Amino acid sequence: MRLILYLGKGGVGKTTTSAATAVRAAELGYRTLVVSTDVAHSLADALDAPLGSLPTPLTDRLWGQEINVLDEVREHWGELRGYLSTLLRRRGVDDVAAEELAIIPGMEEVVSLLHIRRQAKTGDFDVVVVDAAPTGETVRLLTMPETFQWYAARVMDWEPTTLKAARPLVKQLMPAADMFATLERLTKGVEALRETLTDPEVSSYRLVVNPERIVIKEAQRAATYLSLFGYPIDGVVLNRVLPADAAEGSFMQELARIQQRYRQMVYDLFQPLPIWECPYYARDLAGLEDLARVGRDIFGEIDPVQVQFRGKTQEIVRDGDEYVMRLPLPHVEIGKVSMTKRGDELFIEIGNFRRDMILPLTLAERPATRAVFRNGVLEVRFGTPDTLPLDSPNGSDNAS
Ligand SMILES: Nc1ncnc2c1ncn2[C@@H]1O[C@H](COP(=O)(O)OP(=O)(O)OP(=O)(O)O)[C@@H](O)[C@H]1O
Ligand SMILES: [Mg+2]
């Protein structure tokens, strides 16, 4: 079974690409499910077919589904929430705060991922293509299994003492045994989920970008987060590329020229990942026939179900209290490394090579202390987080 997940900024073409990949996969003979986890579903519009919250058959090898995450959370985990808020109140947390804290962070995300995994396992599909919400939410979704596990472990730790204090109340809500069984089952599920999601032979993450600066920056940020959490990226779809043969001096030619610059930027930033280009169509795209065409335009003779890139594009590892980021740059010649960090941006120069990187929060709050370039790999070390002077009135750090 393969799981392919598309990420990208709002409106770049994730739904179109996901649906096109699924249609192409089905054409190639795979039993394919395309599923939307975006609360604002638009998959049915792209496929031009009504979809339900269970896999809906579209052709003899293609199914579509729009998961109703909110319903599912409410239905299955409402009790859990009630129970947790009771526990928290018994620990002296006031009512409103207890209610808020009892919303396990990432519950919705975890539920939708668990759902996909279950579907993938029981549904007898060769490939599941996930049409996700825009990057921010999806990155959150992917980091949730870890957050969730941390949280669940804490809750389970309280059990012996807190439970004793809370028992009479808890009994009114639900049998504690059920409660802990639920939590344990969830934790196990989430653990298995993480394994599936980080197994490069099963799961592939693909970035969708347009030749535009902001879109590319966001994709870069997503790439950094994915590598931080060990999710394997195997390609980039460069969508909405204008034809280069517009009339001399025309508006279109000017636009195409601007695109050309960002197109180059995509190659510079994301190679050695494969980059698949998709033209800008001068018409509305909807329905299986259109999607089949888009699928062929993106992938050509490539089988989109197969893993398209193996190997690390970027690696972030913890070393004691510090972090080390490793970035393979096989095409860069040896030279002096110069590095500047500004907020969450890191500028690297090695000889003629320049890269402007977006850092995840974990690294952004730390000083970049050392950068070396050795055997085609750039290694940047991040020290312990900057601490603000306590007497600084507004937390600004402009003391020099
Ligand atoms: N290459 C293309 N040429 C022309 N139109 C396109 C192309 N790719 C996508 N579109 C159109 O752009 C609109 C947005 O695309 P799509 O819904 O796939 O983006 P999305 O990234 O899923 O958006 P959202 O973030 O809102 O989910 C749709 O109307 C789609 O048909
Ligand atoms: Mg979409």
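## Core packing around A19

In this predicted model, A19 is in contact with V34, L43, A46, L47 and L291, once its neighbours within four places in sequence are left aside. A second core, separate from the largest one, has 13 residues, with I316, M325, L327 and M357 included among them.

The largest nonpolar core comprises 64 residues, and within this set A19, V128, V130, L207 and V209 touch the most other members. Helix α8, which spans residues 213-228, supplies the largest share of this core with seven residues.

## Surroundings of ligand 1

Ligand 1 is surrounded by 17 residues, of which G10, G13, K14, T15 and T16 come nearest. Two or more residues of this shell are given by each of the elements α1 (14-27) and β7 (233-241), and α1, with three residues, gives the most.

Sorted by class, the shell around ligand 1 consists of six nonpolar residues, eight polar residues and three charged residues.

## The four-stranded open sheet

Four strands, arranged in the order β9-β10-β15-β14, form an open sheet in which the pairing is antiparallel. Its edges are formed by β9 (315-319) and β14 (368-374), each of which pairs on one side only. On average, and with direction ignored, neighbouring strands of this sheet are turned by 20° against each other.

At the β9 edge, the antiparallel pairing with strand β10 (residues 322-328) extends over five bridges, and E315 stands opposite R326 in β10.

Note on methods. Residues are numbered from 1 along each chain as its sequence is written. Chains are lettered from A and ligands numbered from 1 in the order in which they are written. This is a predicted model: local features need pLDDT of at least 70, side-chain atom pairs count only at pLDDT 80 or more; totals for chains, interfaces and linings use all residues. A residue is near a molecule or strand if its C-beta atom, placed from the backbone, lies within 6 Å of it. Ala, Val, Leu, Ile, Met, Phe, Trp, Tyr, Cys and Pro count as nonpolar, Asp, Glu, Lys and Arg as charged, and the others, Gly among them, as polar. Two strands pair if DSSP finds at least two bridges between them. Axes are lines fitted to C-alpha atoms, for helices over the stretch in contact, and angles run from 0 to 180 degrees between N-to-C directions. A nonpolar core is a set of buried Ala, Val, Leu, Ile, Met, Phe, Trp, Tyr and Cys residues joined through C-beta atoms within 7 Å. A residue is buried if 20 or more other C-beta atoms lie within 10 Å of its own, exposed if 12 or fewer, and partly exposed in between; C-beta atoms are placed from the backbone. Two residues are in contact if their C-beta atoms, placed from the backbone, lie within 7 Å.
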